[in-house]
Amino acid sequence: MSMEFRHTIKDAHPKPILCAQYNPFRRELYTAGEDATIRVWDSSGKPMQKIQTGSPIYCLAYNARRQQLMAGQTKKVRLFQLIPSDESYSSQVLEKKSIVCSEHSDMVSCIVSCEGRFYSVGYDRKIVIYDVSHHGDLKLYPFRSIKDAHDAAISTLVYGKDADNSWLITGSFDRVVKLWSLDGNLMQRFDGFANIISSCCYVVPSQTLWVTANSSIPLVYDPRSGINVSDFVRTDHERYQNTGASFGLKSLLFIPENNEVIAITTRRSILVWKYNAGASLTVLPGHMDIVECLTFTSKEPLLIFSGGDDGIIRKWERLQLNTFMYSFENLSLPRNDLEQEIETEKVHASKKEQNENETVKQNRPSVNCLVYYEDLDYLVSGYEDSRICIWGYNEESVNFEEEQQQAEEGNEGVSNRVAGMSLKATLNEHRESVTALVCFQHNSKHWMVSTGWDRRICVWDLETLQLQDVFHNHNGQTAKEELAADGIILAIDYSPERNEFAYASSDKLAYVRRFSSNGGEMKLMAVLQGHEAEVTQIKWHKKYKQWITGSEDRTVRIWHETGLPCLRVINNDGPVTAICIDAINGCLITGSQDKIIRVFDLDKKDEIVQKNVGHTDEIRSVIHIPARNQYVSASWDNTVRVWNAYLKKGQRRTVKVTTYQAAIQEEEEPMPTFSDLNPLIVPKLLTKPVFAADFVIEKPTQREEDANSHAERSALEEELRQTLNDLDVQLNSNDVILLILEAIGQIQKDQKASMNSSVCYCSLVFFPCFCACPKLDC
């Protein structure tokens, strides 16, 4: 939405304007400055009131709860009460009478208002907390005065609030930022800034504190732990920083209505950041080259492993202090193996090449694939130089670390499992780069299937760490080794329900085979044909019992559990380089060459329900961590990023899952709604009517029938006797009435001649009328 220019208030003040406040309820603007006046403007820019204060005003604060305005001056603050709009019979907005409090001994630099209180800071290094009366006369009470809150003048004061905490944040010329409670207690201290603190703000959506000390990029801190998380929470400074010219940030402001942060620079420009819910939660730097693969452990402590072209496996563990920072540890191949390889190369090289190789640093083979096998606690890595390495935990090291940590309480360093990890074995059966691994249990034994650019399929016994067999054709007594595909194999996955494994190839096909420890019994079950380019990924969907393939032809295909037919095709809008299955809700997650992570809800006709954008190069791997409801991605931009996972309606953000398999089988129960807890009860009158025929009357006994009949007979006799008595009384009364009527008629005849009067209609009733007729004395 574009911004439209409205109007300019010319000559608003005769001297520089130093501060302004806006009242959103009454749509009024309050301004003040060096001319020592407070001026009130309506929404159209028309002046409403002018109040003279006698000295320059450096800051203003509006309290919506108390409907009050506080102004900061030299050595004092001044409080004004707003006149209610329904009681104002003129253009006056502020009461001219004000309350002055002189707690400061120097200029008041900042004032904030929150929860019915005012807070002021100044160049006298003091913080003053004011309580204000909410009824009766206007009064100002200094609740607390904190002397020497900083070692120099306080330059900024910010009020930060989220769903869990409320803070006061101060910055000073002593290059220190401090975090205070609303009662004035010091909670956190941030130091190590290179310059004076010019501004700061609290960003509610990310729950981070942004600070600028005349720096060209904002420094991001976690207010709870006090740690600088700028390396993990990126502000995209590469996009707005110009290497040809430098500038500093002078002021920061967070706008909660738009979830935006605005910064004013020394080059008279404005920078705007907007919170993006689809952006990464944190960025894990550290790799010196592209990152190719990811895996994780579901047991506590939850660990993430990443590997790439730098030949180093990095273990990431989230710190308990905050959700942004991760510690990492490197796992690299032993130097002895690397030195042996270099010596072998030198033997076959010329003298000139030998001299050059002596000065070149050792090159590690790149890590192409990673798998963590929970049952045996093995980390399996496949390398570019055809080797497979098995990493495990050294029991002696684990026991030593446990004793050491028990002796040192409160140690939050590297966990026991990681401290004891070492190289268990190296498998060298493959002839070229190993690109795909899968580990599983079958018939109470632990197996691993590996493949790669040599197009061979090797079966390994993980308990003995020995080669079991290689895929081949078995014809009679001779067994001839056979290539499993026409192109290099790029991905593999296993279906425990069907005891089948499938692998994707660069020949535009995917193959499904029955697993067997005998290489000659791996029967081909299906060939998945339909992609128009290399098939880069294949996954087994445990919830829907389907095979899913991704290709460089920008499509994802979903296949029947038997392999054929193809059930449907999903357009990915970019070449598919990574596929993952959401273990909680069954959604399909894809990573692409266009640097976008897409989430498809298979229950909503393959609708794209979430997009995650942030990587600056091709995405190579995506995993889902059910215990944290997070996606983790690896990219060629040398970073690993963590994202919020997609949640369906009713799902919670935190889910406790003990194992990966349990997470796939158990869907999260939705939160019960008010209608579920209080179901509508249909009244009985609105249901099906009940007829007499629907009632079932129990048949009484013979004694009960005799008693009932006797009672009924007696009641009928009594009723008949009463009726006869009433008739007798009625007949007698009728005879009397007839006699009375005859007498009245005779009287009327006798009085006809002597009296002209109207007839008394009282005679028409069946009983005598006493004093009811004015013409006749009855």
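Two strands count as paired if DSSP finds at least two bridges between them. Keep that in mind while touring this predicted model.

**Stop one: strand E35.** Select residues 458-461, which make up strand E35. Next, add residues 466-470, strand E36. Four bridges join E35 to E36, and the two strands run antiparallel. Within this pair, pick Val459 and look across to Asp469 in E36, which stands opposite. The connection between E35 and E36 is a hairpin with four residues between the strands. Select Leu465 in that turn: its phi is positive, about 55°.

Now go to the other neighbour, strand E34, residues 445-452. E34 and E35 also pair in the antiparallel sense, over four bridges. Here Met448 stands opposite Trp460 in E35. The hairpin of E34 and E35 has five residues between the strands, and Arg455 in this hairpin takes a positive phi near 60°.

Back on E35, colour the side chains by face. Cys458 and Trp460 lie on one side, Val459 and Asp461 on the other, and all are buried.

**Stop two: an open sheet.** Show strands E17, E18, E19 and E20, which form an open sheet in that order with antiparallel pairing. The edge strands are E17 (199-203) and E20 (227-228), each pairing on one side only. Zoom in on strand E19, residues 219-222, which is joined to E20 by two bridges. Asp222 has Ile227 in E20 as its bridge partner.

**Stop three: the surface.** Select Ile264, Ile270 and Val272, which make a nonpolar surface patch of about 280 Å². Ile264 belongs to strand E22, residues 260-265. Ile264 counts as partly exposed because its relative accessible area is 41%, between the limits of 20% and 50%.

Definitions and conventions. Residues are numbered from 1 along each chain as its sequence is written. This is a predicted model: local features need pLDDT of at least 70, side-chain atom pairs count only at pLDDT 80 or more; totals for chains, interfaces and linings use all residues. Side-chain values use heavy atoms; hydrogens and water are left out. Patches are made of residues with over 30% relative accessible area and no salt bridge: like charges are joined within 9 Å, nonpolar side chains (Val, Leu, Ile, Met, Phe, Trp, Tyr) within 5 Å. Accessible areas come from the Shrake-Rupley method with a 1.4 Å probe; for residues, only the protein chains shown count as cover. A salt bridge is a side-chain nitrogen of Lys or Arg within 4 Å of a carboxyl oxygen of Asp or Glu. Buried means under 20% relative accessible area, exposed over 50%, partly exposed in between (1.4 Å probe, protein chains only).
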